[in-house]
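Here are two short exercises to work through with the model open beside you. Each one gives a task, then a solution in steps.

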Amino acid sequence: MTQPLIEVRHLKKYFPVNGGTLHAVDDVSFTIEKGKTLGVVGESGCGKSTLGRTLIHLQESTDGQILLDGKDVTKVRKKELKAVREKMQIIFQDPYSSIDPRFSIDETIKEPLIVSGRYSRKEMVQRAEELMELVGIDERLRRAYPHELDGGRRQRVGIARALALEPDFIVCDEPVSALDVSIQAQVLNLLKKLQIERGLTYMFITHDMSVVRHISDDICVMYLGQMVEKCASKELFRNPLHPYTRALLSAIPSTDIHHRQERIRLKGEITSPVDPEPGCRFAARCPFAQEKCHAPQHQINASDGHFVTCCRVHEINA
Amino acid sequence: MTESNVLLEIKDLSVEYLSDGKTVHAVNGVDLCLKRGRTLGLVGETGAGKTSICRSILRILPDVGAEITSGEILMEGKDLLHLKEEEMQKIRGKNISMIFQDPMTALNPVERVGDQIAEVIELHQEQGNHEDAVRRAKEMLEIVGIPGERYYDYPHQFSGGMKQRVVIAIALACSPQLLLADEPTTALDVTIQAQVLDLIEDLQKQYETSMLLVTHDMGVVAQVCDEVAVIYAGTIVEYGTKEQIFDHPSHPYTIGLFGAIPSMSEDEMWLHPIDGMPPDPTDLPAGCPFSPRCPYASEACRKDRIQPAVTPDGHMCRCIRIEQSKKGEH
């Protein structure tokens, strides 16, 4: 097996909150190979954005290890951190708040180049032009400000900024969820084209199952800070094993009007991620929950490369 | 179709806004018809005019800068646009109510959730006192799956899904004849969305409410609606039963919308986006508003407003290619 570009071991990120500790990311491990896309799906509050942000050091991890190209980058500081950040970039969800409204488009794209300190003024102008062409922003918009642009174009600016320093790895945090479907397809195609041309590795965070199915090689499903299932994208949609994944997939409204889908109806509310009980966090809503589900759960290799964190996986999928 | 089956009829509705000295043409000659107990889906992208239509029906457009420039909104034959404000107040919340898109901002953060439900009941009840309204509000909470004792909680103590259920409880508290649901599940997660859609559907059956469901999600339309109207730049470009629209989409925009959604069953390397951007609503193109992005557009598309045509399966489509292909067959 080739060396993965990203390896994460037992990563944890806890936040102190009023009256306890919020377990936003709790013991998550995975690898992403070079040039591949790992999709991370889950509902709001499941920790998928925190996972992405912790991975690229926008937040310090509480525990665990992050390896970039085999090198431990968990505890890097200052100068080293700057070098690591050049290799790992992020595209944010909201194209409205993630771009400085007082920067023109080329100023936004040039900023990482200025920070790196490796480019002359002339090189920067040239590089900004290249980047704008690469992501499909018209040259005439160079001096425009964000308020003059629609969401799709702003997101292209965010992509150009992320690509400016030629990173190896990009965390895409819901990059298309603020966009209309016709524009969403344009941006998804752009991300795919860039990946093929430049061998980029993506972690693609989304709550949209049709988008994640389209873009990912592997998918990891999160629920309240924990990874409940991880496998190849096709396998997940063909053979979901965790009760939460099955409920999630059945809840997607299908555009097929001739076959009424059978929805798995979940009852109950999401349990609190503040000082959670040991055991499966989905148990409170799970139709299959039993006594043993309240004991600590372990990841089970259900079949080749298909990991599930559920003690009843073999019984309920028999 | 008999006349009495129709609850709401919108004829030639146009809405304009004034913004920075320019006129925004938000809604341009829209005709819609909603039958009793049925659900009409209004589908389109950001800025297509969906919310302006809902707000026109309730007459809650902004006081300054917004104007209904033409049209009629007939509810059981009575034109809502000609009612006095006092008469309209009696209708809002009782005969027609609305579920807003964002449950986080639709509720008053400093008022108990139960009181917010009781308020609309008390306002419209013909007999009974405050205690009756409170009792009914608690019942409504139970109906939407929230324990009655949470009447005294504030919105911040509720999750997003629960807040949206409170908004639904307010909207349905007086058993309205017409429910305007403006992207009721867009802000929610899919498993919670499924719960909320089930709830709306159950309640709709129980009270025989008609619903105008505004959404951009074709999946939600497929699950919930009987009829579908596709709106682009303030114009209804295609209108028919759900089966007609999903089985035989005829307008290039509708076809493009379906094509742009990533498939759940097929593996494709590339998606099929619609090229270009929606037009500037202050400067709409002459003729078909979709013509600048349409792969089939010809000179004729850019001249006059496109008249509605009838497709072979009998639904409305505003595209000159429908008539052309008919002529081609003869």
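A residue counts as buried when its relative accessible area is under 20%. Keep in mind that this is a predicted model.

**Exercise 1.** Classify A:Q155 as buried or exposed, and find what its side chain reaches.

*Solution.*
1. Start by placing the residue: A:Q155 belongs to helix α5 of chain A, which covers residues 151-163.
2. Next, apply the cut-off. The relative accessibility of A:Q155 is 1%, so the residue counts as buried.
3. Now list the neighbours. Leaving out residues up to four places away in sequence, A:Q155 touches A:I91, A:F92, A:Q93, A:P95, A:P175 and A:L179.
4. Finally, look for a polar partner: the side chain of A:Q155 reaches the backbone oxygen of A:F92 at 3.1 Å.

**Exercise 2.** Describe the contact between chain A and chain B: how many residues does each chain contribute, and how much area is buried?

*Solution.*
1. Count the residues: chain A gives 41 and chain B gives 43.
2. Turn to the area. About 3,800 Å² is buried between the two chains, and carbon and sulfur atoms give 56% of it.
3. See where chain A loses the most area to chain B: at A:R213, A:I257 and A:R263, together 16% of what that side buries.
4. Check the charged pairs. There are three salt bridges between chain A and chain B. A:R213 forms a salt bridge with B:D267, with the closest N and O atoms 3.5 Å apart.
5. Close with the helices: α6 of chain A supplies the largest share of the side that touches chain B, 11 residues.

Definitions and conventions
Residues numbered from 1 in each chain as written. Chains lettered and ligands numbered in written order. Predicted model: local features only at pLDDT ≥ 70, side-chain atom pairs only at ≥ 80, totals over all residues. Heavy atoms only, no water. Helix = DSSP H or I, 4+ residues; strand = E, 2+ residues; numbered from the N terminus. Buried < 20%, exposed > 50% of the residue type's maximum accessible area, 1.4 Å probe, protein only. Polar contact = N/O pair within 3.5 Å; in protein donor to acceptor, adjacent residues only side chain to side chain. Contact = heavy atoms within 4.5 Å. Buried area = accessible area lost by both parts, 1.4 Å probe. Salt bridge = Lys/Arg side-chain N within 4 Å of Asp/Glu carboxyl O.
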